Every structure is written in structure tokens, then in C-alpha cells.
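Colleague: I'd like a close look at one part of this model, please. Take your time and walk me through it.

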Amino acid sequence: MGTSVPRPDPSIGPLREGAGRLAVWSWLFFDWAAQPFFTLVTTFVFAPYFASALAATPAQGQALWGYASAAAGLAIAVLAPVLGAIADATGRRKPWILAFSVPFVLACAALWFAAPGSDGAIVLALAAFAVATLSVEFATVFTNAMMPDLVPRNRLGRLSGSGWALGYLGGLVSLVAVLGFLAANPATGRTLIGLAPAFGLDAALREGDRASGPLSAVWYVVFVLPLFLFVPDVPRRSALLPAVRAGLTRLARTAAEARRHRPVLLFLLANMIYKDGLVALFAFGGIYAAGQLGWGTIEIGSFGVLLTITGTAGAFLGGRLDDALGPRPVVIGALALLILCGLGLVSIDRDTVLFVVDVAPSAAPGLTGSTAEILFLLLGGLIGAVAGPLQSASRTLLIHLAPEGQTTQFFGLFALSGKLTSFLAPLTVGLVTAATASQAAGMSVILAFFLAGGALLLRVPRQA
């Protein structure tokens, strides 16, 4: 199955002078640059490696990963709206993106040193993961805020969907590269396509898995450059110190007047809840498959390839649906499918599906050796297909709702709403997993976040 690079719709045109097609493409490549971190480190390669090779048990690894995700989420929740308000006052966004790109790159590179059996490997891995997550999320706040300066409002859905699709495609390419040439099965010493790991990487020391961190760093540095070179920035409005005072004052006023923007408030509350569930789902997806189905890096990575293919197609189609139907119906439909698929996933282990139906365990290595694995693949593919439209349509819905002139500040609140309880979702997963010693029980709490978020979103006016 081939995948082609999604092209921005030819009708996407500049909203302001200087924001031409090159600027649009350069902005899109931020998603391509950042996505390998989420694909390789957060979900499909490094996180399962952490749970299977560094932590004492997969359940302990899931719990510890949850605590690190919670710490990063709490920091983002506190700081993102403040930084957004300051950036709205100063006007410029690129300096903020650069400031958070540097620690992101350094933290990703540091993951290489979290080797099995080395002193402090667990602490290093968790700290580097938390710093990288914090940094890339902050950079994304300011990148998202550039969207209204690139295209007219009636093309925001296509811009956002194309960005998510290109990001998924970047994750796919990086994942195929890692599975095909770097990460090897420790038992056989061979990669997914039967080769010895490139650069002499040692499979026994899991160097291919650890290389996902430095690869994410290098990938980001190379592909984020067009954004700095070709995307026009907002003119500087104020010096930093006066902007800090003005931004904080404006943020306080916005919070005090939040009741006057009821649709925005309802949406941010809904996003706060369902986005946290989605973040937790992807943070623990690979770890869950490793523990419940016994999958290793090759199997989990191949599963990731499937998800990124369906995610690319879903995000690209979701952008079109966003413009045709509006972002609200797209988000509601995506949440309904996530709830159904998530319920199906937690019902699966090596010899059971739908909680009570016994099936034969895997008869052969690979992804399709049992009924449970086949069902897991199908449900995971659907999750990949709807996750992109959910996130893409959410950010365009915010642009439609946010007061004019306060875009970056509200994207800070958007990041807040996406992270305020994101420390709670991973923390809850970690605590329930630790208390029950059951990965399925821990993962099941994510469904409550989807349900609650969807219920609140239904109260956002249809015309929004």
C-alpha cells in the first residue's frame, strides 16, 4: 500500500501579504518535524522499550510513564496560557518556538543514554521524556497561533487537516526507518526486514530502540527550519517586560470574563477532558500491547505503521469534512468511534476478546497469529483514523470561537484545556494500574474521559 504526500488544497490562499504557498508549506512541515517524537518516543518504540527493558514489569513501567506524563501535563497546564498571553502582547511567535525547540532537541538526544542496566537509566528516561513533552507542546502553542495569518477562515479546516496528515506521514516514514534499519529483535538481532541494525547498533543493548530519541531530535532540527525561514511572523508590538505585564493583565481579565464567552468555555472544558483521554491512550498504547499481547518492538512498530497510515488518511479526509460540515460534528463523530474502539481494546488479552469470549492464543509470531491480535489491529486502525480529525477539527473550532486579536492567548488556554487534567489521566491510569496490577483496568479509565468530554461538547452551540 502506497502513501502520497498530502497536498494543500490549491484554493488555500494567503490572508495577509507574504503568507503565500511557500509559507503554508513551511508551516505544515512543523507537524512533520515534531511528529516522530510522538510516534517513536511517546508511543511505539521508546515507551514500550522503557516498560519491557528498564522497568521491573510492564505494569510498573505503565505506572511510571503515567507519572512522568502527569508531571509534564501539570507544568503545561500552569504555564501555557501565561506564555500565550505574553506572546499576544509581544506579537512575535518565532522566538518562543525557538526557545522551546532547544530543550526539546537536547532532551530527545538524552534518551540514548537510558541503557538497560545503567545507573539512573529510569530517572534519565522519565526526566528527558517529560522535558521533551513539555517543550514540544509549548512550541506547538505558538505554531498553532500562526494559522489565522496564513489562510482565510473558510480554509482553516484544510490547513489544519493537511498539517495533521503530513505529521502522520512524517511519523510513518520515521517509524519505517527505525523498524527497517535500526531497531532489532534482541533474540534474532535482525530488523523487521531481516537486516542487521545500521551503524553497528547492538540489539542486545536495545540501541536501536534508544536511537529513536536522537533520531527525533535530528529530524526536528532539519524539518523545522522552513518555518523559521519562510513563515512570516507578526510584527513586534511591545518589549518583553511591558508585554509580560500587559499579557498577564489581559489573561486575568479574560479569565474573569470567561462567562461572557460561554461557547468557548464549554468547548475548552470539553477539550480539557477528551484530549487528556486521547493523550493517555497514545501514551500507553504501545505499553499496553507489550503487556497484554506480548508484542515486542517489531510487532508494536508494525502496529504503529498501520496506525499512521490510517491516521494520515483520516486527518486528510477530516480536514475536508471540517470545511464541509463544520468542526463540531467532526469532533463528536470522532469521539463516538473512540469510545467504541477503546472499549473493544480493553476487552482483549492474549486469549480473550470482548471480556468473556475465549480464543486460541497466538499460534505464530507476528501481528495476526490469533483472533485477539487481529481484532486489536482492526480497532487500533480505526483509532488511528479518527484521532487526527479529532485533534485537527478541535484546533479549527477554537479559531472559530476565539475573540479576534486574542488567538495566541486562547491557544494557550487551548493547551491548558488539553493539559489541565492530562496530568490526571496518566496519573489515574498509573494509580489504577499499580493498585490492581492490571493494565486493562488502568486503561479502562480513559473511556470515562471520552464520555465526559463528549457530553460537554454536545452543549456547544451548533452554529459555533
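Is Arg 93 buried or exposed?

Modeller: Keep in mind that this is a predicted model. Arg 93 counts as buried, because its relative accessibility is 6% and the cut-off for buried is under 20%. You'll find Arg 93 in the loop that runs between helix H3 (58-90) and helix H4 (94-110). As for what its side chain does there, a polar contact of 2.7 Å joins it to the side chain of Asp 149.

Since H3 has come up, let's move on to the rings. The model has 21 aromatic pairs. One of them is Phe 37 with Phe 129, a stacked pair with 6.4 Å from centre to centre and 25 degrees between the planes. That pair ties together distant parts of the chain: Phe 37 belongs to helix H1 (residues 21-44) and Phe 129 to helix H5 (residues 121-144), 92 residues apart. Phe 37 and Phe 129 are both buried. Phe 129 also pairs with Trp 65; here the ring centres are 4.1 Å apart and the planes meet at 20 degrees, so this pair is stacked too. Again distant parts of the chain are linked, with Trp 65 in helix H3 and Phe 129 in helix H5, 64 residues apart. Trp 65 is buried, like Phe 129. Zoom out a little and you'll see that ring pairs connect Phe 37, Trp 65 and Phe 129 into a cluster whose members also include Phe 30, Phe 38, Phe 46, Tyr 49, Phe 50, Phe 104 and Tyr 220.

There's another ring to check, this time with a charge over it. Arg 210 sits over the face of Trp 112, 4.6 Å from the ring centre.

Finally, have a look at the backbone in the loop between helix H6 (156-181) and helix H7 (207-210), where Phe 199 is placed. Phe 199 isn't a glycine, yet its phi is positive, at about 60 degrees. Arg 206 lies in the loop between H6 and H7 as well, and it too has a positive phi of about 60 degrees without being a glycine. Their surroundings are another matter: Phe 199 counts as exposed because its relative accessibility is 78%, while Arg 206, at 11%, counts as buried.

How values were computed. Residues numbered from 1 in each chain as written. Predicted model: local features only at pLDDT ≥ 70, side-chain atom pairs only at ≥ 80, totals over all residues. Heavy atoms only, no water. Helix = DSSP H or I, 4+ residues; strand = E, 2+ residues; numbered from the N terminus. Buried < 20%, exposed > 50% of the residue type's maximum accessible area, 1.4 Å probe, protein only. Polar contact = N/O pair within 3.5 Å; in protein donor to acceptor, adjacent residues only side chain to side chain. Phe/Tyr/Trp six-rings, centres within 6.5 Å; stacked < 30°, edge-to-face > 60°. Lys NZ or Arg CZ within 6 Å of the ring centre and 35° of its normal.
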